[in-house]
Amino acid sequence: MKTTTFLKSLTLAAAAFFFGACQQYYIETQPEVPIKMDTDVREAYTISGTNPQPATFSIASTTPWEITGYESAEWLSVKPVSSALSSLSTDVTLTAVPNDTYEDRSVTLTLKGEGIDKVWTIEVTQVMKNKFYVQPITEEFEGKTESSLTFTIETNLAWEVRSADTWLTFDKTNGTGTGAIETITATAAENPGTERTTTVTVTAGADVVTFDVLQKGGKTLEFVTEELEMLSYAGGEALLDVNASMDWTVTSDAEWLAVEKAGTQVKATAAANNGFAARTAVVTIEGDGLTAQFEVTQDTMFELENAEILEDGSVKLDGANGARINIKEGLRYFTAVLNVKEISFGEKGQFWFFSETDGDFGNWMTVGKFRLRTNNGAVSNYENTYYDDDMSVEFLNTMKTYEFTVTPDAETAGNGKFIFTVNDVTIESHSWASPFAGTDTTFEWYIGFNSATSDGTYYVIESCTITPIAE
């Protein structure tokens with residue numbers, strides 16, 4: 001009984017062991033994975049047309065997946081477009097090339113996983129390239145009252161407009177561009193002062209356009225005369241028209257130009273220009289804090305030939321260059337007074353006041369000689385010489401003033417007279433017959449050298465005053 005009971009127990013234990021061993025052999029070590037797919041993809045993406053940036057989304061899937069629909073959009077690249085095997089997570093990138101058109105474009109993508117019922121639809125839109133045009137204000141704002149003008153903006157970007165000064169405001173200062181033309185009204189406040197300018201700045205995206213606008217002054221003080229012919233060297237008057245909303249005064253910055261107020265005009269009176277260059281004076285009108293200026297120029301009666309104008313307005317005549325001062329207009333009877341600032345005579349030096357028109361006419365000085373020539377085609381007195389003994393280099397180098405007069409001879413009807421004065425001492429007074437018997441009724445004169453010299457002779461003439469003599 002005891003033996004039978006033990007075998008029975010052993011048999012049961014062996015059976016239990018065998019069953020447990022078989023069960024461990026047939027069960028798999030890895031459980032079956034369920035099909036699943038997750039993504040953070042959005043239903044729609046918008047990409048810039050001018051500066052496109054990539055868009056990305058992720059896919060986590062235990063089953064292969066595929067993206068379709070991109071084939072019709074050459075402008076869009078999708079990477080990757082599929083996964084043949086399951087993967088834990090994959091990033092998908094959408095990359096667009098710049099849109100070089102003024103039209104939006106779009107494509108619909110489809111994302112589907114194998115064995116997954118859900119289908120994702122993705123709308124990708126690329127907007128048109130940036131459009132930004134500004135038509136600025138070109139007119140002037142009125143100044144006496146508040147006034148408004150318009151300008152336009154055409155853009156598909158968010159825009160903003162601002163002024164550099166508070167006196168100019170806008171009915172709209174910002175907006176979201178739709179590509180259509182936007183009209184902006186700019187309003188300038190009443191201007192209590194003079195003409196003024198400000199800058200308008202329009203910004204759209206990274207682009208900036210600026211333009212200046214001008215507003216007239218509420219108060220007016222201006223010269224209406226825009227241009228004035230150069231005044232004659234002989235002097236004279238000129239009238240300048242003035243537009244003013246207040247009382248005003250007038251001044252000149254030059255002694256040679258006298259100015260005075262004459263109703264709504266400035267009367268400018270110029271003295272004769274005895275200088276060797278044209279000159280300019282500035283006429284200034286002032287009133288109620290406003291100022292306006294006008295330049296008046298006056299001609300000179302001289303032309304320089306190989307001569308040099310010095311800083312103080314005097315003229316240096318150098319014998320080596322054969323320099324001359326030519327008088328522009330013909331003269332008949334006159335007195336010429338030369339102020340000599342500096343003189344250096346050599347042994348071959350010469351000092352001429354002469355005319356070569358219609359023969360030879362005039363006088364000249366050299367060392368030892370003071371010569372007169374009257375050869376006008378009717379009367380010839382070619383080689384008369386006077387004051388010879390005193391024409392030394394020392395004497396010539398003391399010359400400070402030289403006066404040359406051509407005048408009718410009061411004692412002999414029909415005759416003319418030359419009168420020469422050096423340093424206020426009359427050198428000669430000589431009458432001659434029929435001075436204007438030739439073809440020319442006036443003579444064209446020059447001062448200086450008749451020919452070049454090489455002895456270092458030069459002189460500096462400070463001024464030359466020409467005074468006509470009535471016949």
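**View 1. Glu-227 in its loop.** Glu-227 is exposed in this predicted model. The relative accessible area of Glu-227 is 73%. That value is over 50%, so Glu-227 counts as exposed rather than partly exposed. Glu-227 sits in the loop that runs between β18 and β19. Strand β19 covers residues 236–244. Leu-240 lies 13 residues from Glu-227 along the chain. The C-alpha atoms of Glu-227 and Leu-240 are 9.3 Å apart.

**View 2. The largest pocket.** The largest pocket holds about 270 Å³ of space. Its lining consists of 14 residues. Closest to the pocket centre are Glu-195, Lys-219, Thr-220, Leu-221 and Glu-222. Two strands, β18 (221–223) and β24 (290–298), each give at least two residues to this lining. By residue class, the pocket lining has four nonpolar, five polar and five charged members. Strand β18 also borders the loop of Glu-227 shown in View 1.

**View 3. The largest cavity.** The count of cavities of 30 Å³ or more comes to one. The largest cavity encloses about 40 Å³. Its lining includes Ile-153, Thr-155 and Trp-159. The run Thr-176, Gly-177, Thr-178, Gly-179 and Ala-180 also lines the cavity, as does Glu-182. The cavity lining splits into three nonpolar residues, five polar and one charged.

**View 4. The N-terminal stretch.** Residues 1–30 are shown against the confidence of the whole chain. The mean pLDDT of the chain is 86, and 87% of the residues score at least 70. Residues 1–30, in contrast, have a pLDDT below 50. Beyond near neighbours in sequence, this stretch makes zero contacts in the model. Where pLDDT is low, predicted coordinates should not be read in detail.

**View 5. The chain as a setting for the close-ups.** Two helices and 38 strands make up the assigned elements of the chain. Of the 471 residues, 39% are buried. The accessible surface of the chain is about 25700 Å². Carbon and sulfur atoms account for 48% of that surface. Among contacts with a separation of 6 or more, 61% join residues 24 or more positions apart.

Key:
Residues numbered from 1 in each chain as written. Predicted model: local features only at pLDDT ≥ 70, side-chain atom pairs only at ≥ 80, totals over all residues. Heavy atoms only, no water. Helix = DSSP H or I, 4+ residues; strand = E, 2+ residues; numbered from the N terminus. Buried < 20%, exposed > 50% of the residue type's maximum accessible area, 1.4 Å probe, protein only. Contact = heavy atoms within 4.5 Å. Areas by Shrake-Rupley, 256 points an atom, 1.4 Å probe, with all protein chains shown as cover. 1 Å grid on protein atoms, 1.4 Å probe; cavity = no way out; pocket = protein on both sides within 12 Å on 5 of 7 lines; lining within 4 Å. Points joined across faces, edges and corners; volume = space filled by probe spheres on them. Nonpolar A, V, L, I, M, F, W, Y, C, P; charged D, E, K, R; others polar. pLDDT = per-residue confidence, 0-100.
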